[in-house]
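Grab a coffee and let's work through a few exercises on how two chains meet. Each one has a task, then a solution in steps.

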Number of protein chains: 2
Amino acid sequence: MSDTIQQNIENSRLDDKLRTMTYGFVGLGIMGGSLAKAIRNRVFDTDGPKGKILAMDIKPLSLQQAVSDKIIDEGFQPCQVRQMLAVCDFVFICLYPGATLDFLIEYRDAFKSGCIVTDISGVKTKIAQTLYSDREKYLRPDVDFILGHPMAGNEKEGYEGSTQTVFQNRNYIIMPDSQNKPENLELLKLLVTRLGIRRIIETDYITHDHKIAFTSQLCHVIASALVDSAEDEQITAFGGGSYEDLTRIALINAPLWTELFLSNQKELISMIENFENSLSKMKGQIAAGDKEGLCKTLSDVRSKRAAMATKK
Amino acid sequence: MSDTIQQNIENSRLDDKLRTMTYGFVGLGIMGGSLAKAIRNRVFDTDGPKGKILAMDIKPLSLQQAVSDKIIDEGFQPCQVRQMLAVCDFVFICLYPGATLDFLIEYRDAFKSGCIVTDISGVKTKIAQTLYSDREKYLRPDVDFILGHPMAGNEKEGYEGSTQTVFQNRNYIIMPDSQNKPENLELLKLLVTRLGIRRIIETDYITHDHKIAFTSQLCHVIASALVDSAEDEQITAFGGGSYEDLTRIALINAPLWTELFLSNQKELISMIENFENSLSKMKGQIAAGDKEGLCKTLSDVRSKRAAMATKK
């Protein structure tokens, strides 16, 4: 049998498993809600045996809405979360970074034996270093915790802003640990592929936090500074799309991004400084009327950006 | 008769005029090509009397393509441009800023008496100050030159990158001069509305260059610096959309933007410095771990950006 055929048979077995598992969402906001919608509509069969989707959230209205949308089978109040965790095969922790770590520690004993647990947090070092610093204390050998980060989102918030299409053609970063079970990593990878993810990047949490400081956090800082420095709110009358595109992510969830920025302070400051140096170089060329130097910088930038596009 | 009915009758008369005029494009690149396509497909009738579209470009292949696309009726080499201008009722100068000014001066005597001439240049002060400094010398009383700027574009270049949809829901800035004829201003405004423009801003060229330094030029500088400061071209593997959105305009036409930046040097430097101050404030809050201050900045930014969106 060829490798491809073997892989297809294996995927078919894993797909059957994905279709019939019980998923649990800890937090049913924009990301939890989007994941739940995508699993319901893109993973579960319309006929035949179905898995279940359960969710816990602090907002009862989100749970009610998700039940009435037929996205989740049952909603749980925070005080009922142990009851939910006890029956879940696959748990997504969709909380802020600090709350994710706190939850994993507090509910260590509540997970179902043999389950997979993953998170979506935008910074990883503190979570990983704490959990791996004392495995016996923080992680159970019969519960497989996999660090994950869907590189997707939009400027909306909450379950009402969630949509199953948000993962389409996006990247998903996973940071496997030496203790993660190969079959569970395969299940997570196949699941996110079924959700529409185009590319899965496997790396370590240090590299993740370094790269994300640039591609995500620096961009949010720049977009915010660009809105902060606007003379007034009428400025978009003079917009041609560029300003709107550059500042869409400035419709920012302030508490979340405060936490993300401060949890990755050192990497982010270093990225801001690299950017400031590039900006300062260009400002110098403009101020000096250095036509040749400026044109060379812009040509190089164009080539570099074009090369990035081909690597998509 | 109500004002609305009167306005509709007047627009209907002007529409008839727009449908039967002879348009001339000086430069049939991305902007000239897009305007020509939009006029052909959105202004001209499919049946009945039609206007004409003529174009001059340095690239014979663009002209051939536009003729074969049935967008223009006839193409002209640069050496034949006087022949073209002699018959045009409505001329769009679609050249770089410096070349626009040079063209207007060199071909002052070639325009058809009574015609409307407009430009699309992204900076205006030098053009306007030169032309208005000595009207007798530079402007003919029987030719109506109107400063205009369609706030639209994309990362493509040349006629092959042009598309009639680029103006859909965009802004168009016009800078009327005391000598412009009211009917000609109305014709230009109705024309761009028919092309899909959502909002027409009337202002003066000084305000234009000030505002554009922020909404357009600063954004291109930031996008370029953000690509310049990237560690490598593989970074987009870690992208979640933000970096891609912020740097799309870094696929920049280097000679054009070098000219735009340097023609508006003082305004642009001042906008870069305002932005640097906002960035530096946020960097300080991140470095100091100032959770409260940073969260306040981000909340304010969110409100300001949301207010901008409602003013769209």
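**Exercise 1. Work out how much area chain B and chain A bury between them.**

Solution. Put the two chains together and they bury about 8,600 Å² between them, with 68% of it on carbon and sulfur atoms. Buried area here is the accessible area (1.4 Å probe) that two parts lose on being put together, summed over both. Next, look at who pays on the chain B side: B:Phe238, B:Ile286 and B:Arg305 lose the most area to chain A, together 9% of what that side buries.

Before going on, some ground rules: this is a predicted model, where local features need pLDDT of at least 70 and side-chain atom pairs count only at pLDDT 80 or more, while totals for chains, interfaces and linings use all residues. Residues are numbered from 1 along each chain as its sequence is written, chains are lettered from A and ligands numbered from 1 in the order in which they are written, and side-chain values use heavy atoms, leaving out hydrogens and water.

**Exercise 2. Find which residues and helices build the contact.**

Solution. Start with contacts (heavy atoms within 4.5 Å): 90 residues of chain B touch 90 residues of chain A. Now add polar contacts, and you get 42 residue pairs between the chains, both residues at pLDDT 80 or more. A polar contact is a pair of N or O atoms within 3.5 Å; within protein, one must be able to donate a hydrogen and the other to accept it, and residues adjacent in sequence count only if both atoms are side-chain atoms. Among the elements of chain B that each supply at least two residues to this side are α9 (205-228), α12 (265-287) and α13 (291-310). Helices are DSSP runs of H or I, at least four residues, numbered from the N terminus. The largest share, 18 residues, comes from α12(B).

**Exercise 3. Pick out salt bridges that join the chains.**

Solution. The cut-off is a side-chain nitrogen of Lys or Arg within 4 Å of a carboxyl oxygen of Asp or Glu. By that rule, 12 salt bridges run between chain B and chain A. One of them pairs B:Lys211 with A:Asp232, closest N and O atoms 3.7 Å apart. In another, A:Asp228 meets B:Lys281 at 3.0 Å, N to O. A:Asp228 sits in α9 of chain A and B:Lys281 in α12 of chain B, so this pair joins two chains.

**Exercise 4. Say which rotation superposes chain B on chain A.**

Solution. Superpose by least squares on the C-alpha atoms of residues with pLDDT of at least 70 in both copies. A rotation of 180° with 0.0 Å of shift along its axis does it (RMSD 0.0 Å). The two copies are thus related as by a two-fold rotation axis. In chain B, the C-alpha nearest that axis belongs to B:Leu246, 2.5 Å away.
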